[in-house]
Amino acid sequence: MAMKLLKYGIGIFMPEAPEGFDLNRFASGDAFSYTVAAGEDAGTVPIDVPAGRSSVRISMGAGAKARFVEISEGPRESVVEIDLGAAAAAAYVSGSRAIMRDRAVLPANGTPFESVHRTARLAEGAKLEWIDETSTQDFARAVFVTRLEGEGASVEATSLLRGGGKQRFDVFHEIVHAAPRTTSNLRVGSVLAGDAKAIVRGLVRVEKDAPGCISRQKEETLLLSDAAEIDAVPMLEIGNQDVRCSHAATVGRIDAEKMFYLMSRGLDRASAESMLIDAFMEPYLAKLS
Amino acid sequence: MADQFRDVYDKAAEGVTRHAAELGITEDVVREISASKNEPDWMLELRLKAFAMFKRTPMPSWGPSLEGLDLDQITYFVRPDAEESQSWATVPDKIRETFEKLGIPEAERHALSGVGAQYDSEMVYHNLKKEWEDKGVIFENMDVAVQKYPELVKKHFMTDCIPPHDHKFIMLHAAVWSGGTFIYVPKGVKVNVPLQAYFRMNAERGGQFEHTLIIADEGSEVQYIEGCSAPRWNASSIHAGCVELHVLKGARIRYSSVENWSKNTYNLNTKRAVVDGDGVVEWINGNMGSGVTMLYPCSILRGERAQSHSLGVAFAGPGQNQDTGSKVIHAAPNTTSTIRAKSISKGGGISSYRGYVSATHAAAGSKSSVNCDALLIDEGSVSNTYPFMKITTDKVEVAHEATVGKIGEEELFYLMSRGLSQDAAMRMIVSGFVEPIVKSLPLEYAVELNKLIESEMEGSVG
């Protein structure tokens, strides 16, 4: 593993848990640490997270750039901590290999349990993108906490949930605007068929001393069976008057008019349906690849 | 009314109490209330059962803090020194004066079918115009209705709409409820002029627990308006009312209320409607007063094509925490709900929208749309939005939208360039913001609400 990381020139394999890491609270196991020096562009950095417990710590200096791609081999219990210096730009992409290969599959069954906990702190002008896809687990929990601590920091988070079997998803995105003129854009899409159930919570908090913030939050859900279930909870806590915040949530099934249109062009029901599901997922999948 | 005006214009009347129960709540107090009303056994049993549940139920662990509310420092039953009357002339002067200041007798002459007025724990005035009485409409004091219409009341009182075990403060309400309104509209009767009740809490450390039960029989229609106020005291008081609406097949109820309790009132109110096939319920709620409000009117759409429409506006000024929202449970096919909520926070006030929309398997073809807008007037004010959507079927469409922001600089500039002062421009924008709600209120209430908002907005610049 160490060799593999060194090959990309930016990672240092650390067998010890990073400093300040609460082993009692979070997953331990394999620990990975990545440091990108100020001003450096690390390009795409693959992170092969093994099945089981692991932790990833990323620290980026001022103006550093990188795109981290995490591909899990099996069910994870992982913790990711990201620290972005001034004007640093990072993307953290995670998804299952199967889904990246075959876009159209709605997984019916998966691995037993997965839990990820990801936190990030952004200094002034830093930019972070969370891109996340969850589908291959029977029970998946994902918690994202992003703190925008420096003026002008921004985060863009997209999560896609897909389940066609008995999956249970619990996703919680918390974004804290702790500095002036920070921006956030959160988008969670869920495609639920079979007996899949999901709870999606989003919380955007604008603190008292953070004027000029802009925040958007969107939770969209496509339900494909009568047994599928979504609990959508988009929350806002606004403590400063000088904001522009909005959130929207929609839940529905495949649009009958669009189906009619496609079928009137000669597509059978199944392919029309799968085309519309693809269209729903496209904005998310486009970010993943 | 802003509390500084309340000190001047809204003084508590003196010497109007005949009897007040001792402070705090015990089984004796519950028995005393029931005995003084000569209630049937089933009602006493309901009260005692609810009281037992209340004692062992903890305070809610969510929402605004209720720390300042000392339930042992409340007088749960305050009987005014007056018999219920059908003529304002026989209502004692001091009590009548209060209602005259509030404009109730005046409004009755011009715009209403019937009026009830409650002072502390009991109704002091109740009157229904004869034409409606002749059509079989019942508009009664709730206490009287228990005696006069035992069957109707027993069937609907805290049964399938709001059961007494629903939550801690409904248990308290069930144990000590007193006064309120009972309305029954017979099949097919359309009461086209609103009925009104006004609730006034006068006593210090008082508690008001009025119970409103409205039954709109098949194909009938009724509009009901409720106003609430209390003078300002130094000690906290509690209002834990209960409103139950039964909308039978094809019936329609429009329920409007403007609640303007004084700012040390804890307004922990419960309102719910059960709606049968093709029935429609409309909720219009204005929340101005109270220190803490927790109020989430709920509609259970249990008949096919039932509808619920709700409009709400909340105003949170200094020291106020307005925690309001709407709930809808879609439990039948092709049901529809719309929720429109607006809030204004000013001077450090906190307003929260806490809503719930659920659609079960039984709700195929249902639609729900929720829209929340919040306006933050100044620094330090807070706006929260906590919507919860629980959708367990693919055969529905649900949408939720919310926006939070301040008054736009451009809008302000536009109005000020037309010669308005900044203060006037801000007031105009706020009036425009709440207009969709004000518009759906009857005229006198629209005027009252506008005045309230204007007085709350007074001096918001600088």
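Colleague: Angles under 35 degrees count as roughly parallel, over 145 as roughly antiparallel, 65 to 115 as roughly perpendicular and the rest as oblique, right? What does that make helix 10 and helix 11 of chain B to each other?

Modeller: First, this is a predicted model: local features need pLDDT of at least 70, side-chain atom pairs count only at pLDDT 80 or more, and totals for chains, interfaces and linings use all residues. Residues are numbered from 1 along each chain as its sequence is written, with chains lettered from A and ligands numbered from 1 in the order written. Now, the axes (lines fitted to C-alpha atoms over the stretch in contact, angles 0 to 180 degrees between N-to-C directions) of helix 10 (residues 409-417) and helix 11 (residues 422-439) of chain B cross at roughly 125 degrees and come within 9 Å. Helix 10 and helix 11 of chain B are therefore oblique to each other.

Colleague: Which residues of helix 10 and helix 11 of chain B meet?

Modeller: Glu411(B), Leu412(B), Leu415(B) and Met416(B) from helix 10 meet Gln422(B), Ala425(B), Met428(B) and Ile429(B) from helix 11. In contact means C-beta atoms, placed from the backbone, within 7 Å.

Colleague: And how many helices and strands does chain B have?

Modeller: Twelve helices and 25 strands. These are DSSP runs numbered from the N terminus: H or I, at least four residues, for helices, and E, at least two, for strands.

Colleague: Switching to chain A, what are the domains?

Modeller: The assignment, automatic or from a database, gives domain 1 (2-253) and domain 2 (257-289) of chain A. Their contact takes twelve residues from domain 1 and ten residues from domain 2.

Conventions: Contact = placed C-beta atoms within 7 Å.
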